Each structure stands twice: as structure tokens, then as C-alpha cells.
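Please open the model in a viewer and keep the sequence panel visible. The tour below proceeds by selection, with a short account of what is found at each stop.

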Amino acid sequence: MSHCVFPSLNINATASYYVESLGFRRVDYLEAKEPHICLYRDSTEIILTQSNGQQVIPNRELYGYGYDAYFITDSQQKLQVEFEKANVKIVRKLQHTDYHNQEFVIEDIDGRWLGFGIKVE
């Protein structure tokens, strides 16, 4: 199972992107003491929180490289085709990496890079 917390300047816009483009299911908790939106797909949950003005700065900009989340899946090919049909920005197409993962990478609406892959030997 994967679980991530993503702050966003506009959690409604981000949630809409994840639902419409990436196939997640949305559950709002906007009236809670700490407002948030939960997004669910398969065994993945993403919690969106409202940034208090700080823009999302992806790991590759902060540290020079790296993804902002990595989702373990053996359905990379199927997901990549689905995301391509939804006009999701594919940063790296499905490939076998030098660290022995089979993966592809997308960029979300907030500029985060999300990897979808699994270790292969």
C-alpha cells in the first residue's frame, strides 16, 4: 500500500486533476479542523492539504533530482497507456532503469514527478 500527503495551493484543482486524469476517487473533508481531500485508487491513498501560500517545489528543484512519490505497481504498461489517453504529461516512458526498476514517470498538475514501477531482476 502507498500513502502520500501532498500540500497544494488549490486542493480542489489538484483533486479534480487526480480524479479526471489519473482515475482516483475523491472524498472531501473540507469542513474538518484540518481541511483535506483524500484520493483513492487501488491500494494508493493521497491526502491533499491546503498550503498556506507556499507553492509546491518538486524534489528535483529542491535537491537536483528525485521523484515526489513512487507508487509500486506491476501494471505499468496498462497505466501508461491509460494516462497517455488522458493526456497526462509523461516525463519518462516505461523503461528498465540502472537501479533495476521497470517504471515510468508522470508530472502532475502541481509539477510533482510521480514514479510508477516495481523492482525487476
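For the residue classes used at the first stop, Ala, Val, Leu, Ile, Met, Phe, Trp, Tyr, Cys and Pro count as nonpolar, Asp, Glu, Lys and Arg as charged, and the others, Gly among them, as polar. The model is predicted: local features need pLDDT of at least 70, side-chain atom pairs count only at pLDDT 80 or more, and totals for chains, interfaces and linings use all residues. Residues are numbered from 1 along each chain as its sequence is written, and side-chain values use heavy atoms, with hydrogens and water left out.

**Stop 1: the largest pocket**

Select Arg41, Asp42, Thr44, Thr73 and Leu79, which are the closest to the centre of the largest pocket among the 17 residues that line it. A pocket is here an open set of points on a 1 Å grid over the protein atoms alone, where a 1.4 Å probe fits, with protein on both sides within 12 Å along at least five of seven lines; lining residues have an atom within 4 Å of a point. The space in this pocket is about 270 Å³, where grid points are joined across faces, edges and corners and the volume is the space filled by probe spheres set on the points.

The lining comprises 8 nonpolar, 5 polar and 4 charged residues. Strand S5 (69–72) and helix H3 (76–85) each supply at least two of the lining residues, and H3 gives the most, with 4. Helices (H or I, at least four residues) and strands (E, at least two) are DSSP runs, numbered from the N terminus.

**Stop 2: helix H3**

Next, select H3 and colour it by accessibility: buried means under 20% relative accessible area, exposed over 50%, and partly exposed in between (1.4 Å probe, protein chains only). Which residues of H3 are buried? They are Gln76, Leu79, Gln80 and Phe83. These residues lie on the same side of H3 because they cover an arc of only 100° around the axis, the arc being that of the directions from the helix axis to the C-beta atoms. On the other side of H3, Gln77, Lys78 and Lys85 are exposed.

Display the surroundings of the helix as well. The cover over the buried residues of H3 includes helix H1 (11–22), strand S3 (36–41), strand S6 (89–96), S7 and S8, with contact meaning heavy atoms within 4.5 Å.

**Stop 3: Gln80 and Lys93**

Centre on Gln80, which counts as buried because its relative accessibility is 10%. Leaving aside neighbours within four places in sequence, Gln80 is in contact with Ile90, Arg92, Lys93, Leu94 and Phe104.

Move from there to Lys93 in strand S6. The C-alpha atoms of Lys93 and Gln80 are separated by 7.7 Å, although the two residues are 13 residues apart along the chain. Lys93 is exposed, with a relative accessible area of 52%. Not counting residues up to four places away in sequence, Lys93 touches Gln80, Glu84, Glu103 and Phe104.

**Stop 4: the paired strands**

Now select the strands; two of them pair if DSSP finds at least two bridges between them. S6 and S7 pair in the antiparallel sense over 5 bridges, and His96 stands opposite Gln102 in S7. Strand S7 (residues 101–107) pairs with S8 in the antiparallel sense over 7 bridges, and here Glu107 stands opposite Trp113 in S8. S8 also pairs with S5, in the parallel sense over 4 bridges, with Ala69 opposite Leu114 in S8. Strand S8 (residues 113–119) is mostly covered, as 5 of its 7 residues are buried.

**Stop 5: positive phi in the loops**

Most residues other than glycine have a negative phi. Select Asn87, which is not a glycine yet has a positive phi of about 60°. Asn87 is found in the loop between H3 and S6 and counts as exposed at 70% relative accessibility.

His100, in the loop between S6 and S7, has a positive phi of about 65° and is likewise not a glycine. At 40% relative accessibility, His100 counts as partly exposed.

In the hairpin of S7 and S8, with 5 residues between the strands, Gly111 takes a positive phi near 90°.

**Stop 6: Val56**

Finally, select Val56 in the loop between strand S4 (44–50) and helix H2 (59–63). Val56 counts as buried at 17% relative accessibility. Its C-alpha atom and that of Gly111 are separated by 7.5 Å, with their positions 55 residues apart along the chain. Leaving aside neighbours within four places in sequence, the contacts of Val56 are Pro7, Ser8, Asp110 and Arg112.
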